[in-house]
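Here are some short exercises to work through with the structure on your screen. Try each task yourself before you read its solution.

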Amino acid sequence: MFSLLRGLWDYFFRREEYYILIIGLHNAGKTTFLEQTKRLFISNYNGMPLEKITATVGLNIATVDIRSHRMILWDLGGQEDLQQLWDKYYGECHGVVYVVDSCDTENLITSKNVLIKAMKHQDLQEAPLLILANKQDRQDALPLTQLEATLDTNSATIGGRDCKIQRVSALQGEGVKEGIEWLFNRVNESSRRLPKLRDND
Ligand code: GDP
């Protein structure tokens, strides 16, 4: 009887989980974005001061709940040698956040090429893509129109996936909630990869 009740409980209260990759060049602001997301979506979260964030060597993970669903965010290190490891996560992921440093004009084309390479990987075909034009609080940030023109995302470069370029300041939190909500809605509506089902805890 207990196992029957337990089974029913699990069936009705299982949670759908979506796996989201956060990638981009080193120093673009991925970990700051992850921390800011935790602050916005996890109640009573006492995070570390954002200025204390150090370079990611490996992986940072956050779990946030949105409207009875769960998003597991993986923030992967962006150094060149760590980029080789990204594709190990592509097979599991439902959506991608790609962070661009809007002030780093020197590396913008590199960032674009890294993005295109990732989007051409077969395990990411049609995965919804949120591009964050980060550090928009800074005076030297390129405006969104210029970034859009340079990144030139079109079906030839990133495929026919859902894609949005969002203006953000991960440091100040501006645009972070809108970006996460957009991506959640896209992966939730997408039939590309079914969510994982996990017992509620
Ligand atoms: P990651 O290597 O992509 O994870 O980048 P980090 O999150 O570690 O950030 C790299 C640096 O950029 C840190 O000094 C952050 O404080 C800074 N940074 C990140 N996001 C912003 C932002 O929106 N505005 C400004 N002004 N600085 C930012």
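Helices are DSSP runs of at least four residues, numbered from the N terminus. Keep in mind that this is a predicted model.

**Exercise 1.** Find which helix gives the largest share of the lining of the second largest pocket.

*Solution.* Start with the space itself: the second largest pocket holds about 210 Å³. Next, look along its lining, which includes Trp86, Asp87, Tyr90, Val114 and Lys117. Two helices, H4 (87-90) and H5 (108-119), each supply at least two residues there. Finally, H5 turns out to give the largest share, with 3 residues.

**Exercise 2.** Work out where the ligand sits and which helix gives the most residues to the shell around the ligand.

*Solution.* The ligand sits in the largest pocket, where there is about 400 Å³ of space. This pocket is lined by 23 residues, and Asn27, Ala28, Gly29, Thr32 and Lys135 are the closest to its centre. Now turn to the shell: 16 residues surround the ligand, and helix H2 (residues 30-41) brings the largest share, 3 residues. By class, the shell has 5 nonpolar, 7 polar and 4 charged residues.

**Exercise 3.** Which polar side-chain atoms lie 3.0 Å from an oxygen atom and 2.7 Å from a nitrogen atom of the ligand?

*Solution.* Take the oxygen atom first: the polar side-chain atom at 3.0 Å belongs to lysine 135. For the nitrogen atom, the partner at 2.7 Å is in the side chain of aspartate 137. As a last step, consider cover: the protein hides 83% of the 580 Å² of accessible area that the ligand has on its own.

Note on methods
Residues are numbered from 1 along each chain as its sequence is written. This is a predicted model: local features need pLDDT of at least 70, side-chain atom pairs count only at pLDDT 80 or more; totals for chains, interfaces and linings use all residues. Side-chain values use heavy atoms; hydrogens and water are left out. A residue is near a molecule or strand if one of its heavy atoms lies within 4 Å of it. A polar contact is a pair of N or O atoms within 3.5 Å; within protein, one must be able to donate a hydrogen and the other to accept it, and residues adjacent in sequence count only if both atoms are side-chain atoms. Accessible areas come from the Shrake-Rupley method with a 1.4 Å probe; for residues, only the protein chains shown count as cover. On a 1 Å grid over the protein atoms alone, a cavity is a set of points where a 1.4 Å probe fits but cannot get out, and a pocket is an open set with protein on both sides within 12 Å along at least five of seven lines; lining residues have an atom within 4 Å of a point. A molecule sits in a cavity or pocket if more than half of its atoms lie within 2 Å of its grid points. Ala, Val, Leu, Ile, Met, Phe, Trp, Tyr, Cys and Pro count as nonpolar, Asp, Glu, Lys and Arg as charged, and the others, Gly among them, as polar. Grid points are joined across faces, edges and corners, and a volume is the space filled by probe spheres set on the points.
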